[in-house]
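Student: Please take one part of this structure and look at it closely, in one connected account. I would like to follow that part outward to its surroundings.

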Amino acid sequence: MPIPSELEISVFGKAVMKDMINRSAENEADRRSFLRAAGATGLGVVGATATVGALGGAAEAAPKISDGAILNFALNLEYLEAEFYNLAVYGQGLPAKLTGGKGKKGGVVGGSAVPFKTPAIAAYAREIAGDELDHVKFLRTALGSAKVARPAIDLQGSFTAAATAAGLITAGQTFNPFLDEDSFLLAAFLFEDVGVTAYKGAAPLISNKTYLEAAAGILSVEAYHAGIVRSALYSKGLQAQVQKLSDARDSLDGKKDIDQGIGDATTANLVPTDKNGITYSRDPFQVHNIAYLTTKAKGRGGFFPKGTNGTFTRSKKTA
């Protein structure tokens with residue numbers, strides 16, 4: 001199917017291009033399978049919907065985006081996190097039985113067990129790895145035959161590219177997130193805040209209340225994880241390095257300065273919020289900008305060298 005050059009959607013129901021619907025992995029047959037899978041897991045009937053206005057200058061019927069499309073967007077991110085954490089803790093990623101589905105299945109490059117020296121941090125990593133594995137299992141079960149496969153994942157060159165862009169290393173050097181616990185925590189920081197903002201941004205697109213509640217539950221777990229990682233980084237005095245990563249991440253997702261570091265030596269900022277004390281959101285395109293490490297409208301790159309699977313697979317031009 002053709003990939004649209006630009007998809008216009010926001011978490012508050014701005015324009016959704018019809019091409020995104022046309023290339024959805026969840027066609028009518030898939031949606032029926034998804035409904036059956038939802039019933040089998042006791043999660044209720046899945047709704048659909050994002051309202052759009054005029055497309056191409058003419059009013060048209062509002063296309064439907066299945067909740068399956070939103071959950072598959074989340075599943076791509078959970079694959080990434082589960083692979084990262086389980087490799088870091090156990091030296092091995094997801095079992096093959098948890099990687100199949102619709103779309104092109106890919107392998108994982110990079111990853112090894114981290115030689116943790118701090119017992120508490122090793123314990124944190126084990127708990128998070130278990131949670132991320134459970135998220136993959138849950139979403140795959142809920143989606144049933146509509147689930148997407150694990151896409152190709154790069155946990156090697158992508159981190160080096162991100163660290164170079166952030167100024168943590170210079171051109172020609174490499175950044176190995178599995179080298180030691182400090183490197184692991186800095187790498188985890190790249191993921192965790194994005195996960196929180198991604199789930200918050202996707203929440204308004206979910207129509208079924210049962211699925212919305214489940215997504216809220218995963219969001220809260222991701223927020224706990226982010227708090228743990230940010231606190232561990234602060235305790236190690238890595239505020240300057242974190243700020244560089246935050247600035248680099250913020251440069252990818254748009255002109256607004258929404259990303260936040262963890263503070264300085266005297267003032268902690270372990271809970272990044274807006275002036276109202278509310279977590280900020282990223283739409284699926286902004287999330288892909290960060291995942292693909294690009295400010296351009298693209299369908300692959302960075303941590304997903306061949307792109308993600310499903311309906312939401314594109315970044316957008318942000319600079």
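Tutor: Helices here are DSSP runs of H or I with at least four residues, strands are runs of E with at least two, and both are numbered from the N terminus. With that naming settled, one point of caution comes before the rest, namely that this is a predicted model. The chain has nine helices and four strands, and from the N terminus on its elements follow the order α-α-β-β-α-β-α-β-α-α-α-α-α. Of its 319 residues, 52% count as buried.

The part I would choose is helix H3, which covers residues 67-90. Its own geometry can be checked with a short piece of arithmetic: at 1.5 Å a residue, its 24 residues should span 34 Å, and the C-alpha atoms at its ends lie 33 Å apart, so expectation and model agree. As for its surroundings, 23 of the 24 residues of H3 are buried, and the helix is therefore largely enclosed by the rest of the structure. Val89, which has its place in H3, illustrates how that label is assigned: its relative accessible area is 17%, and because buried means under 20%, Val89 counts as buried. The C-alpha atom of Val89 is 9.9 Å from that of Tyr124, a residue 35 positions away in sequence.

Just after H3, Gly91 adopts a positive phi of about 80°. Farther on, in the loop between H3 and strand S3 (108-109), we find Lys104, which is exposed, with a relative accessible area of 60%. Although Lys104 and Lys306 are 202 residues apart along the chain, their C-alpha atoms are separated by 8.8 Å.

We can now turn to the helices beside H3. Two packed helices are described by the angle between their axes and the distance between the axes. H3 packs against helix H4 (residues 119-143) at an angle of about 150°, with 8 Å between the axes; since angles over 145 degrees count as roughly antiparallel, that is the relation of H3 to H4. The crossing of this pair is left-handed, and the residues of the contact comprise 15 nonpolar, four polar and five charged ones.

With helix H7 (209-235) the arrangement of H3 is described by other values: the two axes come within 13 Å and cross at roughly 30°. An angle under 35 degrees counts as roughly parallel, so this term applies to H3 and H7. The crossing of H3 and H7 is left-handed.

Two charged residues of H7 deserve a closer look. Arg230 lies in H7 and, at 1% relative accessibility, counts as buried; its C-alpha atom is 8.9 Å from that of Val242, 12 residues away in sequence. Glu222 also lies in H7 and is buried, with a relative accessible area of 0%. Glu222 and Ile128 are 94 residues apart in sequence, while the distance between their C-alpha atoms is 9.0 Å.

The surroundings of H3 can also be described through the nonpolar side chains. In soluble globular proteins, nonpolar side chains tend to be buried together. In this model the largest nonpolar core has 71 residues, and those with the most contacts inside it are Phe84, Tyr85, Leu155, Phe159, Phe184 and Leu233. At least two residues of this core are supplied by each of H3, H4, helix H5 (157-166), helix H6 (181-202), H7, helix H8 (239-250) and helix H9 (284-291). The largest share, 15 residues, comes from H3.

Two of the other helices that supply this core, H6 and H8, also form a described pair. Their axes come within 10 Å and cross at roughly 45°, and H6 and H8 are therefore oblique to each other. The crossing of H6 and H8 is right-handed. Beyond H9, in the segment that follows it, lies Leu293, which has a positive phi of about 55° although it is not a glycine. Leu293 has a relative accessibility of 25% and so counts as partly exposed.

Returning to H3, then, we have a helix whose span agrees with its number of residues, which is largely enclosed by the rest of the structure because 23 of its 24 residues are buried, and which gives the largest nonpolar core its largest share of residues.

Conventions:
Residues are numbered from 1 along each chain as its sequence is written. This is a predicted model: local features need pLDDT of at least 70, side-chain atom pairs count only at pLDDT 80 or more; totals for chains, interfaces and linings use all residues. Side-chain values use heavy atoms; hydrogens and water are left out. The expected span of a helix is 1.5 Å times one less than its number of residues. Buried means under 20% relative accessible area, exposed over 50%, partly exposed in between (1.4 Å probe, protein chains only). Axes are lines fitted to C-alpha atoms, for helices over the stretch in contact, and angles run from 0 to 180 degrees between N-to-C directions. Angles under 35 degrees count as roughly parallel, over 145 as roughly antiparallel, 65 to 115 as roughly perpendicular and the rest as oblique. A crossing is left-handed if the near helix is turned anticlockwise from the far one by less than a right angle, and right-handed if clockwise. A nonpolar core is a set of buried Ala, Val, Leu, Ile, Met, Phe, Trp, Tyr and Cys residues joined through side-chain atoms within 4.5 Å.
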